[in-house]
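Let us take a friendly walk through the side-chain contacts of this protein and the metal site that goes with them. Please keep the sequence and the 3D view at hand as you read.

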Amino acid sequence: MADQLIRATAAKGGIRAVGVITTRLTEEARLRHQLSYLATAALGRTMAAGLLFASSMKRARSRVNIRIKGNGPLGGILVDAGLDGTVRGYVENPNVELAPTPQGKLDVGGAVGQEGYVYVIRDVGYGYPYSSTVELVSGEIGDDLTHYLATSEQTPSALMVGVFVDEKGVSTAGGLLIQVLPKAARDESLVELLESRLASLSGFTSLLRAGKSLQDIFEQLLGDIGLEMMPDVQLVRFHCGCSHEKVLGALKLFGTVELQEMIEQDKGAEATCDFCGNRYQASEADLMQLLAEMQAEG
Ligand code: ZN
């Protein structure tokens, strides 16, 4: 199945549901960054969540940045996702691998760490972006971002994200976000029903691996409380908007002394985009021009 995002409502618009399949784009991220299994799971879960978070924004150019910084060996995770269905991201230490948990699962919580922060920035394309921070709960990412939505955005939400990866690569990845909007949140029986349904789901990736579609899962959760599927299916993909010019611009951070060294000793430089791993060559002439610009800027 192609990577895609679908939307639905239930309870006369009181419940908003979004589901996303991200198998291919997670595999692309794995290959681009040469991610370990754990790093694939951690980044894949965060990318699925980024697309789900961005899906509720209104303006065409809206984007969400999710940064997770725990005290585990994986280091930071950074994801940038747009309402347009594009997503990119990376982890600080892509090679980390740990022993599986006693349940035989990838120890994402151990890799991310239980202490640290989730930072979310919502940028609608003009004015100041909205940003907010909460502490990590478990480092498993789904829990941490659910906690973020409940405390920071004050929307009762259930977020499930999952990635299945083995020696053949990523075979299943995606996520599900269900939010109870304020007008329905007062209906306690509805909230309880939804909670019990969600608790009975056996994990998002296992449902997909059992051959269920997003539509099937929505039907199972919300079929008898007025489920309405939106007809549009949105394609989602890994995409980075980097360019030779932008990556070169980042070399300015090294300062004039180091640039001078790159020119004299290395006769150029190679720069890599953190988000997508694309490599860009800066020639001696490129670096001389950067240096001239920096000197002109003082
Ligand atoms: Zn890039």
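The report below goes from the sheet to the charged pairs, then to the rings and the metal. Please bear in mind that this is a predicted model.

## The sheet

A good place to begin is the open sheet of 6 strands, whose order is β7-β6-β3-β4-β5-β11 with mixed pairing. The edges are taken by β7 (130–135) and β11, each of which has a single partner strand, so one side of each is left without a neighbour in the sheet. Further in, β3 and β4 run antiparallel and are joined by 7 bridges. If you would like a landmark on this pair of strands, look for R67, which stands opposite L78 in β4.

## Salt bridges

The model has 12 salt bridges. Three of them are set out here, each with its closest N to O distance.

| Basic residue | Acidic residue | N to O distance |
|---|---|---|
| R30 | E27 | 2.9 Å |
| R63 | D80 | 3.0 Å |
| R63 | D84 | 3.7 Å |

Let us start with the pair inside a helix. R30 and E27 both belong to helix α1 (residues 23–33), where they are 3 residues apart, about one turn of the helix. Are the two partners buried or exposed? R30 has a relative accessible area of 18% and counts as buried. E27 is buried too, with a relative accessible area of 18%. Both values fall under the 20% limit for a buried residue, so R30 and E27 are each placed in that class.

The bridges of R63 have another setting. The side chains of R63 and D80 meet at 3.0 Å, N to O. This pair links distant parts of the chain, with R63 in strand β3 (residues 63–70) and D80 in strand β4 (residues 76–82), 17 residues apart. At a relative accessible area of 21%, R63 is partly exposed, whereas D80 is buried at 7%.

R63 also forms a salt bridge with D84, with the closest N and O atoms 3.7 Å apart. Here too distant parts of the chain are linked: R63 sits in strand β3 and D84 in the loop between β4 and β5 (86–91), 21 residues apart. D84 is partly exposed, at 44% relative accessibility. Which residues make up the wider network of salt bridges? R63, D80, D84 and R88 are linked in it.

## Aromatic rings and the charges over them

A pair of aromatic rings is described by the distance of the centres and the angle of the planes. The model holds 3 aromatic pairs. One of them is formed by F53 and Y148, which are stacked, at 6.1 Å centre to centre and with 25° between the planes. F53 lies in helix α2 (residues 37–54) and Y148 in helix α4 (residues 142–151), so the pair ties together parts that are 95 residues apart in sequence. Both rings belong to buried residues: F53 has a relative accessible area of 1%, and Y148 has a relative accessibility of 0%.

Another aromatic pair, Y117 with Y119, is tilted, with 6.2 Å centre to centre and 40° between the planes. Y117 is partly exposed at 38% relative accessible area, and Y119 is partly exposed at 29%.

Y119 brings us back to R67. The charged end of R67 sits over the ring of Y119, 4.9 Å from its centre. R88, a member of the salt-bridge network, has its charged end over the ring of F275, 3.8 Å from the centre of that ring.

## The zinc site

Which residues donate to the zinc ion? The protein donors are C240, C242, C273 and C276, each through its SG atom, at 2.2 to 2.3 Å from the ion. The angles among the 4 donor atoms run from 102 to 115°, and the site is tetrahedral. Along the sequence, the donor residues follow the spacing C-x1-C-x30-C-x2-C.

Two of these donors show how the site links distant parts of the chain: C242 is in the loop between β11 (237–238) and α9 (244–250), and C276 is in the loop between β12 (268–272) and β13 (279–283), 34 residues apart. C242 is buried, with a relative accessible area of 17%, and C276 is buried at 2%.

Note on methods: Residues are numbered from 1 along each chain as its sequence is written. This is a predicted model: local features need pLDDT of at least 70, side-chain atom pairs count only at pLDDT 80 or more; totals for chains, interfaces and linings use all residues. Side-chain values use heavy atoms; hydrogens and water are left out. A salt bridge is a side-chain nitrogen of Lys or Arg within 4 Å of a carboxyl oxygen of Asp or Glu. Helices (H or I, at least four residues) and strands (E, at least two) are DSSP runs, numbered from the N terminus. Buried means under 20% relative accessible area, exposed over 50%, partly exposed in between (1.4 Å probe, protein chains only). Rings of Phe, Tyr and Trp (its six-membered ring) pair if their centres lie within 6.5 Å; planes under 30 degrees apart count as stacked, over 60 as edge-to-face and the rest as tilted. A charge sits over a ring if NZ of Lys or CZ of Arg is within 6 Å of the ring centre and within 35 degrees of the ring normal. Donors are N, O and S atoms within 2.8 Å of the metal (3.2 Å for Na, K and Ca); water is not among the atoms, so sites may look incomplete. Four donors count as tetrahedral if all angles lie between 85 and 135 degrees; four count as square planar and six as octahedral if opposite donors are over 155 degrees apart and all others between 65 and 115; anything else is irregular. Two strands pair if DSSP finds at least two bridges between them.
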